[in-house]
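Morning, everyone. I have one structure to walk you through today. Please have a look at it before I start.

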Amino acid sequence: MDYERLFSEDVHNFMRSPVREIFKKVDLNSIYSFAGGYPNACTFPLDDIREINARVLDRYGAQALQYGATQGVTELREAVAKRYGVPVAKVQITTSSQQGIDVCTRILANPGDVVLTSSPTYLGAIQSFKSYRCDIRAMKSWVEAGLGNDTGCGNVTGCGNNNWHEDEAGHGNDTGCGNKAECGVDTATLARAKFCYV
């Protein structure tokens, strides 16, 4: 039976996990890949992890092993809300940056929306954007994007037409910006002026 005729239209927008494809081609015992989230296991603080697990189990018992609230552990949400001065109801805890990107894309992006990214950018973000049928475009600067004055930072990019931008500025990528705080400030300022998400 030909099952392909039963597939949804979105199936064609799915892509293999780029990280998984990278790992298929290498000996995991011979590399430490930050791109794939695979650091040196010798750096894991096993004693600290044992102690933390013991404290959590002593405090919460079997409940610590149960499913929790979908918005995140209440105590953590309350701590985040207090730190940033926002209502607890507006705090959502994600289990990883990948989940955060996926949730934001699902909420904010429509099929065909333009998403501008730095180049290169996080492979996991591209995976999420493609699955929601976004129009992904790599940009090197606001000038290249046609959105005004350049910020002077190689990897600051922009967006327009009520679309949005996945910004890697200041997160240690290899596109020339490094950790310049002013890059993020300029990105935010221009994004407000052009009414797009960052």
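Let's begin with the overall layout. This is a predicted model. The protein chain has seven helices and three strands. Read from the N terminus, the order is α-α-α-α-β-α-β-α-β-α.

How much of the chain is buried? Of its 198 residues, 27% are buried. The chain exposes about 13700 Å², and carbon and sulfur atoms supply 54% of that. Now the contacts. Take those with a separation of 6 or more: 43% of them join residues 24 or more positions apart.

Next, helix α2. It covers residues 46-60, which is 15 residues. From first C-alpha to last it reaches 21 Å, close to the 21 Å expected at 1.5 Å a residue. Right after α2 comes glycine 61, with a positive phi near 65°.

Now for the salt bridges. Side chains of opposite charge can pair when their charged atoms come close. The count here is four salt bridges. I'll show you three.

Two of these are in α2. In the first, arginine 50 meets aspartate 47, at 2.9 Å from N to O. These two residues sit three apart in the helix, about one turn. Both arginine 50 and aspartate 47 are exposed.

In the next, glutamate 51 pairs with arginine 55, and their closest N and O atoms are 3.5 Å apart. Why about one helical turn between them? Because glutamate 51 and arginine 55 are four residues apart in α2. Glutamate 51 has a relative accessible area of 44%, so it counts as partly exposed. Arginine 55 is at 52%, so it is exposed.

On to helix α4, residues 97-108. Its 12 residues should span 16 Å at 1.5 Å a residue, and the end C-alpha atoms are 16 Å apart, so the two agree. Which residues of α4 are buried? They are Gly100, Ile101, Asp102 and Thr105.

Keep your eye on aspartate 102. It forms a salt bridge with arginine 106, with the closest N and O atoms 3.0 Å apart. Again, the two are four residues apart in the helix, so about one turn separates them. Aspartate 102 is buried, whereas arginine 106 is exposed, with a relative accessible area of 54%.

Two last stops. Arginine 133 has a positive phi of about 60°, although it is not a glycine. It lies in the loop between α5 and β2. Its relative accessibility is 34%, so it counts as partly exposed.

Finally, the surface. Met1, Tyr3, Leu6 and Phe7 form a nonpolar patch there, with about 500 Å² of accessible area together. Tyrosine 3 belongs to the segment before α1.

Key
Residues numbered from 1 in each chain as written. Predicted model: local features only at pLDDT ≥ 70, side-chain atom pairs only at ≥ 80, totals over all residues. Heavy atoms only, no water. Expected span 1.5 Å × (residues − 1). Buried < 20%, exposed > 50% of the residue type's maximum accessible area, 1.4 Å probe, protein only. Patch = residues over 30% accessible without salt bridge, like charges linked within 9 Å, V, L, I, M, F, W, Y side chains within 5 Å. Areas by Shrake-Rupley, 256 points an atom, 1.4 Å probe, with all protein chains shown as cover. Salt bridge = Lys/Arg side-chain N within 4 Å of Asp/Glu carboxyl O. Contact = heavy atoms within 4.5 Å.
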